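Thanks for coming, everyone. Let me put the model on the screen, and then we'll walk through it.

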Amino acid sequence: MTPSVSFSNRYLRIGIVALVILFLLLIILAPATGQKNSGSTFNRAPEGYLGWYRYMEEQGLPVQRWQRPIDDLVAQAAAEPATLLRVHSGLVGPYVAESQSWMQDWLAAGNTVVILGISENITAAPFTTQQESPQGEVVIKTRRRSPVENDRRLLGDDYGAVLWRNNSVEEGGAAYFAVTPHLAANAYLDEPGNYAFLADLMSQSGGTLWVDEYLHGHKAADVIVEEVVSSWGAYLSRTPLKIAVIQLMILLGLLLVSHNRRLGNLTPIKAPQVDNSQAYIEALAAVLYKAESTSFLVDMIAKAERLSLQKSLGLNHTSVNDAALQEAWMQQTGQSGQTLAPLLTPLERGTKQPDHTLKQWLTKLHRIRQTPLR
């Protein structure tokens, strides 16, 4: 087997392995990325909330996207209470949703929070129901229900609550929870009750209406930079010096290997292509030189150069005397006709000329050829 064939098979195997790894990464990462974007107001898919966000803007309600950590929103001073909407991409336990430290501070300041996507037990309720509300029928597609008291239910039926208010918070704001994260998703664009119900729930307390987009991975540019720097700094601070040195050596080794030309592709040696015309001319020149036939070479070169000059001056016929050639030369170059002397009166024939004389003569012919015409 030749080296070129073995190397081609090697890179073929490497390419197949790379494609398999890329395919596995797409399978693993793509669902997670799509799921995280579920419930985002940037998402146009059926599970997104872009339609509801535009509905809020059309109603003239002060809705805005929050793309920073939630603690920054809590710490942000506000002259009036605000309402925060958090649409989880999946389902979270009720204890996880209620026990977060930021929520206590948020509610204590008189703010409101609406959390969609609380995991509750599956009941015998039909999967699709129409819940009655002052804003019209709200379509709900889930069998999950929460067993809270009737006085806390805003949406519900005989099987339990679909959306309810949390009474465990003391004086302060209000917290609302729903078992479905798709209460006002794009899929319910043709169900006016869904959009209107969530819009009314969000605007009851007045003030600015915030939608948590940081939850879905949409972050402000300065936040991204800060998190990248802090994550690398934290990683380096936790990494022992020995491990860091080993990693640096590995990276350095990979860098050296990638720039090592000895490990590159084998370049097969190609046989030089023989120019038959050039080879014939060189062989003929060598024979004539050894035979001391310089007069023959002078005659042939002079005739060829004269014919080339005639064609350049527009004198295509071969029977042109010296006077006519010089006249055309003077008209089209503005130079004296004596410039053509090396061409019209070549070297003395019948005698062997020294090499330097031949070179000088050829140089003069070259100058004549390179003279620009008008």
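I'll start with the whole chain, then take the helix pairs, then a few single residues.

First, the ground rules. This is a predicted model, where local features need pLDDT of at least 70, side-chain atom pairs count only at pLDDT 80 or more, and totals for chains, interfaces and linings use all residues. Residues are numbered from 1 along each chain as its sequence is written, and side-chain values use heavy atoms, with hydrogens and water left out.

Now the overview. The chain has 13 helices and 9 strands. Both are DSSP runs, numbered from the N terminus: helices are H or I with at least four residues, strands are E with at least two. Of the 374 residues, 31% are buried. Buried means under 20% relative accessible area, exposed means over 50%, and partly exposed is in between, with a 1.4 Å probe and protein chains only. The exposed surface of the chain comes to about 23600 Å². Carbon and sulfur atoms supply 58% of that surface. Areas are Shrake-Rupley values with a 1.4 Å probe, and for residues only the protein chains shown count as cover.

What about contacts? A contact is a pair of heavy atoms within 4.5 Å. Take the contacts with a separation of 6 or more: 62% of them join residues 24 or more positions apart.

On to the helix pairs. Two packed helices are described by the angle between their axes and the distance between the axes. Here the axes are lines fitted to C-alpha atoms, for helices over the stretch in contact, and angles run from 0 to 180 degrees between N-to-C directions.

Pair one is H2, residues 50-58, with H6, residues 192-203. They pack at about 60°, axes 10 Å apart. That makes H2 oblique to H6. For the labels: under 35 degrees is roughly parallel, over 145 roughly antiparallel, 65 to 115 roughly perpendicular, and the rest oblique. The crossing of H2 over H6 is right-handed. Handedness works like this: left-handed if the near helix is turned anticlockwise from the far one by less than a right angle, right-handed if clockwise. H2 contributes Gly51, Trp52, Tyr55 and Met56, and H6 contributes Tyr195, Ala196, Leu198, Ala199 and Met202. By class, that contact has 8 nonpolar, 1 polar and no charged residues. Nonpolar covers Ala, Val, Leu, Ile, Met, Phe, Trp, Tyr, Cys and Pro; charged covers Asp, Glu, Lys and Arg; the others, Gly among them, are polar.

Pair two: H10, residues 294-312, and H13, residues 355-370. The angle is about 5° and the axes are 11 Å apart. H10 and H13 are therefore roughly parallel to each other. From H10 we have Thr294, Val298, Ile301, Ala302, Glu305, Ser308 and Leu309; they meet Leu358, Trp361, Leu362, Leu365, Ile368 and Arg369 in H13. The count is 9 nonpolar, 2 polar and 2 charged residues.

One residue belongs with this pair. Pro354 sits in the loop between H12 (341-344) and H13. Pro354 is partly exposed, at 36% relative accessibility. Pro354 and Thr294 are 60 residues apart in sequence, yet 9.4 Å apart in space, C-alpha to C-alpha.

Pair three: H10 again, now with H11, residues 322-333. Their axes come within 10 Å and cross at roughly 50°. That makes H10 oblique to H11. This crossing is left-handed. Arg306, Leu309, Gln310 and Ser312 of H10 meet Asp322, Leu325, Trp329 and Gln332 of H11. The classes here are 3 nonpolar, 3 polar and 2 charged.

Last, the residues in and around the strands.

Pro134 lies in the loop between S4 (128-131) and S5. Pro134 is exposed, at 81% relative accessible area. The C-alpha atoms of Pro134 and Phe197 are 7.9 Å apart, with the two positions 63 residues apart along the chain counted as separation.

Next, Thr142, in the loop between S5 (138-141) and S6 (153-157). Buried or exposed? Thr142 counts as buried, at 10%. Beyond its neighbours within four places in sequence, Thr142 contacts Pro126, Phe127, Val179 and Thr180.

Finally, Gly160, in strand S7, residues 160-165. Gly160 is buried, with 1% relative accessible area. Not counting residues up to four places away, Gly160 touches Arg145, Ser146 and Arg153. Gly160 and Arg145 are 15 residues apart in sequence and 4.9 Å apart, C-alpha to C-alpha.
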